[in-house]
2 protein chains.
Amino acid sequence: MLDVARTAQVSVATVSALINGTTRVSPALTQRIEAAISAIGYERNAIARSLKLGATNTIGLMVSDIRNPFFTDIVATIQYALNRVGYAVMVCSSDENTELQDMQIKLLLDRAVDGLIIAPAGEDVMLKDFLASVRRPMVIVDRTCEGLDVDTVTLDNRKAVLDATSYLIGLGHRRIGYIAGPLITSTGRDRLAGYRDALAAAEVPYVDELVQDGDSREAGGYRAAMQLLTQRDRPSAIFSANNLMTIGAMRAIRDAGLSCPDDISVACFDDFPWADVFRPHLTTIAQPVQAIGEYAANLLLDRLSGKADEAPRRLVIQGRLIVRESCRALARP
Amino acid sequence: MLDVARTAQVSVATVSALINGTTRVSPALTQRIEAAISAIGYERNAIARSLKLGATNTIGLMVSDIRNPFFTDIVATIQYALNRVGYAVMVCSSDENTELQDMQIKLLLDRAVDGLIIAPAGEDVMLKDFLASVRRPMVIVDRTCEGLDVDTVTLDNRKAVLDATSYLIGLGHRRIGYIAGPLITSTGRDRLAGYRDALAAAEVPYVDELVQDGDSREAGGYRAAMQLLTQRDRPSAIFSANNLMTIGAMRAIRDAGLSCPDDISVACFDDFPWADVFRPHLTTIAQPVQAIGEYAANLLLDRLSGKADEAPRRLVIQGRLIVRESCRALARP
DNA sequence: AATGCTAGTCTAAACGTTTAGAAGACGCTA
DNA sequence: TAGCGTCTTCTAAACGTTTAGACTAGCATT
């Protein structure tokens, strides 16, 4: 900018004023400055600008697994919503690993992001303390972080799984296997609670061995499903608590030589864009992903534009059970 | 930092030296400074640091559609590879829109990223000129950008589609529908060329109406497939040039009341993690996505660490045809 | 003629680091 | 004692912007 100013024989203040449109600049100087800018090929240094203005117009987004289509969608929506208003988005994925997660958040903070949107991988005490010490606007998405007083947007997981499980019970299923996500996440706990709610409401006894940990990954889903399928009294239905585990479970069903829904019924959390075209057509709980992303982005933008001190808002969205063809009604014995 | 220095009664230079470990600092001062740091809760200002050092340790990554599982995977691998060595990644998605793409790249450059990895949406002249004027390390991935002298890593698209189409011809198919990606992309052109190569090699005539534009999105794939399926002399096989269009095509086949592979064979570009478990089990061309991402990251890191002036490198990776059950052999008439 | 207003431009101080080179303290050698 | 390293610490100048406030010139008003 100094070069431009010298070439145009004006002060840097005038150049700055012209570039930012903060003050009127006379036609004569405007012309000289513009000539100088294109002659030199000047580009404003964004770092110096950020330093002076104290904002980077960048926000950090951390999800627990960017390859999980649910989070991909979240990332895409948030990125779009924020880009539209001039924010760039720095993305990290913790791969469900709490150590990596800490590093990633530090990486983001070290880039001086103006705000943070986080879908936490777990809830270790470290993270909570750490996030509590971060003095920047922040919203937590998908999973909650107990005792952290920030804006959140989550699904009513308990209710959604209650509905799905009740649907299975309504079809006559009594032994319903459950493939669980990590119980250190709020989603893991809430979804399991929904399952138990449904059993309790129908007075179906809760059986410990019917609940298997699927680690929220495909491999875990496979293991958990195999465990369920090889039990002496095999469950007649399985509920899988997220999309990736569902893929694993379906692979296990295939490898076990079983067929869905003839041999076993399956319902699961998270919808797939292809669920109605590839067989079996899965019965799923769909999350309004776009809405979740939009809400999260808006909550953060609100904080960013001054409403920093208001009480935290907690948005809870409802899921939707989509009944397809992967669950069959059981004949009464 | 000034506060810390004052509290510890040393100069800022000493504080800086201690934090960065650039010079030995005596135990006495070390202790005083560390005490001051934790008393004040000091965090180094990354922007000022970047300004002084002239680097943000951030790279920009722009893909044409982040929701496309192929690009999601690319993003995840690149992000992981770069994080590992201390770079943060700023992600943008152009949604196959060349205007949006220009904006996004400007957004990235305006955040002073140290380098760029780009999967271009199209090849408008604008973009080429624009990228040519960007004086920062850059690598182009997946699609090429004719006449732009930068590092690239791409798949041997032509060969891959040649193989797949030849496979269909080998099964006895003669009327093979082709759902094409946008011809303004190099992948769109190369893949179509592979299709024509295969036809030519087998002396099967090329029929214009068998090639339909699918726009590389699901909806486009649906439209294109419908067009093919409703022709008076319906093709016996369809090749779909990317994953999203394949979903659309399968939906069209279902809506047309047809069954794959009984009524129509399908092969496609891009593998799905669930391709071997949901029916029909699709025959696909798998791209070594991880490798592509790693290569791209490494090319950029090489540039970033000084090798700025070497001749551009162009990596071409081979795809792999995975034969499953979505194509049936045609009985000779 | 003195005063005030307006529009355009400039000066200079920030923003919070890094770092070259100066300076001081100390001990060792001649 | 003078000279010379070595080790530690400091001073001060960058890095490239933004912006408050000063200044000037021109013009209208009193």
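**Protein and DNA in a predicted model**

A polar side-chain atom of A:Ser16 lies 2.6 Å from a phosphate oxygen of DNA strand D, a polar contact in the sense of a pair of N or O atoms within 3.5 Å (within protein, one must be able to donate a hydrogen and the other to accept it, and residues adjacent in sequence count only if both atoms are side-chain atoms). Chain B takes part as well: the side chain of B:Thr14 has an N or O atom 2.4 Å from a phosphate oxygen of strand D, and for B:Ser26 the corresponding distance is 2.4 Å. The elements that give two or more residues to the surface near this strand are helix 2 (12-20) and helix 4 (46-53) of chain A, together with helix 2 (12-20) and helix 4 (46-53) of chain B. Helices here are DSSP runs of H or I with at least four residues, strands are runs of E with at least two, and both are numbered from the N terminus.

The model is predicted, so local features need pLDDT of at least 70 and side-chain atom pairs count only at pLDDT 80 or more, while totals for chains, interfaces and linings use all residues. Residues are numbered from 1 along each chain as its sequence is written, chains are lettered from A and ligands numbered from 1 in the order in which they are written, and side-chain values use heavy atoms, with hydrogens and water left out.

Now for the wider surroundings of strand D. Around it are 23 residues, of which A:Met1, A:Ser16, A:Arg49, B:Thr14 and B:Ser26 come nearest; a residue is near a strand if one of its heavy atoms lies within 4 Å of it. Helix 4 of chain A gives the largest share of this surface, 4 residues. Of the strand D atoms within 4 Å of the protein, 69% belong to sugar or phosphate and the rest to bases. The surface residues divide into 10 nonpolar, 7 polar and 6 charged, where Ala, Val, Leu, Ile, Met, Phe, Trp, Tyr, Cys and Pro count as nonpolar, Asp, Glu, Lys and Arg as charged, and the others, Gly among them, as polar.

Strand C comes next. It is surrounded by 23 residues, and the closest are A:Thr14, A:Ser26, B:Met1, B:Ser16 and B:Arg49. Sugar or phosphate accounts for 70% of the strand C atoms within 4 Å of the protein, and bases for the rest. Phosphate oxygens of strand C lie 2.4 Å from a polar side-chain atom of A:Ser26, 3.1 Å from an N or O atom in the side chain of A:Arg24 and 3.1 Å from a polar side-chain atom of B:Asn20. For this surface, the largest share, 4 residues, comes from helix 4 of chain B.

Some details of the backbone also deserve a look. A cis peptide bond joins A:Cys260 and A:Pro261, with omega about 10°, and A:Pro261 sits in the loop between helix 11 (243-255) and strand 9 (265-269) of chain A. In chain B, the bond from B:Cys260 to B:Pro261 is cis too, with omega near 5°.

Positive phi values appear in residues other than glycine. For A:Ala112, phi is near 60°; this residue belongs to the loop between helix 6 (98-109) and strand 3 (115-118) of chain A. A:Ala112 is buried, with a relative accessible area of 14%, whereas B:Asn57, with phi near 55°, is partly exposed at 33%. Buried means under 20% relative accessible area, exposed over 50%, and partly exposed in between (1.4 Å probe, protein chains only).
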